[in-house]
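Please open the model in your viewer and keep the sequence panel beside it, since this tour proceeds by selecting one element after another. At each stop you will find what to select and what is there.

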Amino acid sequence: EGAINRIAAGEVVERPASAVKELVENALDAGATRIEVTVADGGKTLIRVADDGCGIPPEALPLALSRHATSKIDGSDLLNIHSFGFRGEALPSLGAVGRLTLTSRAKGHEAAEIKVSGGQLSAVKPAALNKGTVAELRDLFYATPARLKFLRTDRAEMQAVTDVIKRLAMAEPFVGFTLSDASGGDTRTIFRADPESGDLFDALHGRLATILGRDFAENALKIDATRDGIRMSGYAALPTYSRGAAVAQFLFVNGRPVKDKLLTGALRAAYFDYLSRDRHPVAALFLDCDPQLVDVNVHPAKSEVRFRDPGTARGLIVSGLRHALAEAGH
Ligand code: ADP
Ligand code: MG
């Protein structure tokens with residue numbers, strides 16, 4: 001079991017940012033409205049994710065840490081990306097590569113905690129917590145020094161963690177996020193986004209102002225277009241707006257952040273006539289469709305997608321954006 005867990009773990013947890021992603025996705029799945037992430041030393045010594053979601057009853061804690069135990073699978077779910085995560089793999093994987101403590105309180109239950117280290121589960125013990133779940137992962141890769149060696153500097157790992165949080169925060173504008181750095185004893189806030197309100201476009205606009213800045217929000221065109229069962233919504237910047245050489249493209253498929261060449265290529269094509277070579281379009285775009293129309297790579301750490309009909313997705317992005325740019329007088 002231990003060795004199997006460690007192999008599976010390597011697939012799911014490549015670096016601190018992937019652990020953060022799994023834990024925050026669990027918090028989102030649990031219906032959290034506020035998620036607080038605390039990281040020390042680029043996530044190498046500490047990653048803590050606290051949420052106010054539904055919590056886990058004491059008797060379910062050992063199950064949450066067992067391989068392939070998930071409360072979320074429904075059979076049809078395996079090949080789509082409608083719900084997050086690689087089913088039932090994340091927590092056992094984290095428990096195999098670090099020291100994981102899960103403290104939780106579900107409605108109508110007392111708070112309890114369980115620890116797992118090197119794949120070994122502790123007994124469930126009473127704990128103190130008002131609501132939700134705190135997942136605390138210490139000493140990532142302590143048992144696998146070879147993996148530890150492949151990690152980058154604390155600063156680079158922290159940057160990757162911040163990117164992951166910002167992408168998830170964009171996808172969930174009604175949820176509040178904070179990211180703190182607790183390296184060296186004192187805690188400082190790295191990123192904070194309060195829960196947005198209003199309709200989805202209002203909320204997203206507010207969240208983008210927080211993440212990309214007011215000047216992006218003021219230069220952003222509202223995008224809402226549909227083609228053959230795929231809807232594209234979000235905001236794209238006017239071509240006159242620039243973030244210099246920085247790439248600021250945020251793409252989501254069915255609510256999940258993706259990095260995909262087909263989609264970024266289409267984005268570039270849409271702006272081709274407007275932007276010089278060294279400038280990048282800036283946009284946050286959400287593609288939503290029937291999960292049957294898109295496959296997610298079964299590798300959990302990858303964020304690639306494959307549309308059944310890539311031409312439709314590309315055409316939607318190119319024509320939807322060109323139309324919006326033309327309407328805005330470009
Ligand atoms: P998955 O998310 O694919 O189900 P995980 O290993 O990430 O697998 O989590 C295992 C189970 O633990 C989940 O199905 C869920 O029931 C429970 N769980 C994990 N994190 C949380 C959380 N933050 N709040 C509530 N339940 C959680
Ligand atoms: Mg999960």
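Helices (H or I, at least four residues) and strands (E, at least two) are DSSP runs, numbered from the N terminus. Axes are lines fitted to C-alpha atoms, for helices over the stretch in contact, and angles run from 0 to 180 degrees between N-to-C directions.

This is a predicted model, in which local features need pLDDT of at least 70 and side-chain atom pairs count only at pLDDT 80 or more, while totals for chains, interfaces and linings use all residues. Residues are numbered from 1 along each chain as its sequence is written, and chains are lettered from A and ligands numbered from 1 in the order in which they are written.

**The whole protein**

Begin with everything displayed: the secondary structure comes to 10 helices and 16 strands. Of the 330 residues, 42% count as buried, where buried means that 20 or more other C-beta atoms, placed from the backbone, lie within 10 Å of the residue's own. Two residues are in contact if their C-beta atoms, placed from the backbone, lie within 7 Å; among the contacts with a separation of 6 or more, 69% join residues 24 or more positions apart.

**First stop: α2 and α6**

Select residues 16-29, which form helix α2, together with α6; the two pack at an angle of about 25°, with their axes 8 Å apart. That angle makes α2 roughly parallel to α6, as angles under 35 degrees count as roughly parallel and those over 145 as roughly antiparallel, with 65 to 115 roughly perpendicular and the rest oblique. Viewed as a crossing, α2 passes α6 in the right-handed sense, meaning that the near helix is turned clockwise from the far one by less than a right angle, whereas an anticlockwise turn is left-handed.

To see the contact itself, show P16, A17, V20, K21 and V24 of α2, and then E157, A160, V161, V164, I165 and L168 of α6. By class, this contact has 9 nonpolar, no polar and 2 charged residues, with Ala, Val, Leu, Ile, Met, Phe, Trp, Tyr, Cys and Pro counted as nonpolar, Asp, Glu, Lys and Arg as charged, and the others, Gly among them, as polar. An α-helix has 3.6 residues a turn, so residues three or four places apart point the same way.

**Second stop: α6 and α7**

Keep α6 (residues 154-171) selected and add α7 (residues 200-212); here the packing angle is about 165°, and the axes lie 9 Å apart. The two helices are therefore roughly antiparallel, and α6 passes α7 in a left-handed crossing. On the α6 side, K166, A169 and M170 meet R207, L208 and I211 of α7. The residues of this contact divide into 4 nonpolar, no polar and 2 charged.

**Third stop: the sheet beside α7**

Two strands pair if DSSP finds at least two bridges between them. With that in mind, select the open sheet of 5 strands in the order β10-β11-β14-β12-β13, whose pairing is mixed. Its edge strands, each pairing on one side only, are β10 (220-227) and β13 (256-258). From one strand to the next, the twist averages 20°. Bring α7 back into view, and you will see that α7 packs on this sheet, touching β10, β11 (230-237) and β14 (283-289), with a direction about 40° from that of β11.

At one edge, 8 bridges join β10 to β11, which run antiparallel, and A225 has M232 in β11 as its bridge partner. The hairpin of these strands has 2 residues between them, and D228 takes a positive phi near 40°. At the other edge, β12 (residues 249-253) and β13 pair in the antiparallel sense over 3 bridges; here F252 is partnered by P257.

**Fourth stop: α4 and the strands from β3 to β6**

Which residues of α4 are buried? Select residues 90-97: A90, L91, P92, S93, L94, G95, A96 and V97 are the buried ones, and as these are 8 of the 8 residues of α4, the helix is largely enclosed by the rest of the structure.

Next select β3 (residues 99-105) and β4 (residues 112-117), which pair in the antiparallel sense over 6 bridges, with L102 bridged to I114. They form a hairpin with 6 residues between them, and G108 in the turn has a positive phi of about 80°. Finally, add β5 (residues 120-121), which runs antiparallel to β4 and is joined to it by 2 bridges; in their hairpin, G118 takes a positive phi near 55°. Strand β6 (residues 125-126) also pairs with β4 in the antiparallel sense, over 2 bridges, and K125 is the partner of E113.

Methods
Buried ≥ 20, exposed ≤ 12 C-beta atoms within 10 Å, placed from the backbone.
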